[in-house]
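Here are my notes for your review. Please read them with the model open.

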Amino acid sequence: MRVVSLVPSLTEAVAAGAPGLLVGVTDWCSHPAGLGAARIGGTKNPDVPAVVRLRPDLVIANEEENRAQDLDALRAAGIEVLVTEVRTLDQAFRELERVLVDGCGLGRPAWLDEAEAAWAAVRTPAPVRAVIPVWRRPWMVLGRDTFAGDLLARLGVVNVYADHAERYPRIGIGELRGSGARLVVLPDEPYAFGPGDGPEAFAPMPAAFVDGRCLTWYGPSLTEAPAVIGAALRAALPAADPGR
């Protein structure tokens, strides 16, 4: 097959077992390193004519990461497009099998079984109320119905904006600081939060610095995600214990 991936995490999922299938990937597809497929632009602005010229048998996409008009244009060119929806961990596992087995004709990978086992072994710790920014200038946080929010909930994080009407609401820093959260969770993508960029806005609230790939990508990183995210939370939680 000839496959074009418009989703970085799905690129990594396919490349883990069959990198030769990928003839085109986005500029944001950073894993695995050294992938030899053609670059066809961003997830939100792919070069549709370039994708068509690659003559793919299948384009894999995601309803949140890719624009409907680009996917419609590819379908109009006669290309099959498989669109995933991933808003929970269980949904991610189902969609990964659909992409890899049903879409790409591959066997079910061992890492997918390992990831399911790793998450099944998680024992949710005592809950802690938290805000989870994903951007600043303006501040945006995780709201309802998100994949990252589901992962964090399984690890004891109670998102104070989980019932917000929007999935990624814009909330002013004053409201965030007064939300009743005892912890701020700062991933390093899509915004590159780090010790020098982000926690000062919430001080003295403790901050957990989380690997963004482990938190937001659905692919081979899911095997290590519970351990990696859990360790980051535990490193910050002692300071957040009072009044959880």
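What share of the 244 residues of the protein count as buried? The figure is 53%, where buried means under 20% relative accessible area, exposed over 50%, and partly exposed in between (1.4 Å probe, protein chains only).

1. Basis. This is a predicted model: local features need pLDDT of at least 70, side-chain atom pairs count only at pLDDT 80 or more, and totals for chains, interfaces and linings use all residues. Residues are numbered from 1 along each chain as its sequence is written, and side-chain values use heavy atoms, with hydrogens and water left out.

2. Overall form. The protein has 9 helices and 11 strands. These are DSSP runs numbered from the N terminus: helices are H or I with at least four residues, strands are E with at least two. Its C-alpha atoms fill a box of roughly 60 × 35 × 30 Å along the principal axes. The radius of gyration is 19 Å, which agrees with the value near 18 Å for a compact globule of 244 residues. That radius is taken over C-alpha atoms, and the globule rule is 2.2 Å times the number of residues to the power 0.38.

3. Contacts. Contact means heavy atoms within 4.5 Å. Of the contacts with a separation of 6 or more, 58% join residues 24 or more positions apart.

4. Cores. A nonpolar core is a set of buried Ala, Val, Leu, Ile, Met, Phe, Trp, Tyr and Cys residues joined through side-chain atoms within 4.5 Å. The largest has 54 residues, and Trp119, Leu183, Leu222, Ile229 and Leu233 have the most contacts inside it. Helix α4 (residues 89–103) gives the most to this core, with 6 residues. A second, separate core of 15 residues includes Val131, Val184, Phe202 and Ala207.

5. Trp119. Neighbours within four places in sequence aside, Trp119 is in contact with eight-part company that includes Leu89, Phe93, Arg154 and Pro226.

6. Helix α1. Residues 8–15 form this helix, and 8 of its 8 residues are buried. Among them are Pro8, Thr11 and Glu12.

7. Ser221. Ser221 sits in the loop between α8 (212–216) and α9 (225–236). Is Ser221 buried or exposed? Ser221 counts as buried, at 0% relative accessibility. Beyond neighbours within four places in sequence, Ser221 touches Arg213 and Cys214.

8. Cysteines. A disulfide is a pair of cysteine sulfur atoms within 2.5 Å, and the count is 0. Why does Cys29 form no bond with Cys104? The sulfur of Cys104 is the closest to that of Cys29, yet it is 13 Å away, too far for a bond. For Cys214 the closest cysteine sulfur is in Cys29, at 17 Å, again too far. Cys29 is buried at 2% relative accessibility, and Cys214 is buried at 0%.

9. Salt bridges. There are 16, each a side-chain nitrogen of Lys or Arg within 4 Å of a carboxyl oxygen of Asp or Glu. Glu64 and Arg167 pair at 3.3 Å, N to O. They lie 103 residues apart and link distant parts of the chain. Glu64 is partly exposed at 26%, while Arg167 is buried at 12%. Arg136 and Glu200 pair at 2.9 Å between the closest N and O atoms, and are 64 residues apart. Arg136 is buried at 12%, whereas Glu200 is partly exposed at 46%. Shared partners join Glu63, Arg87, Arg144 and Asp145 into one network.
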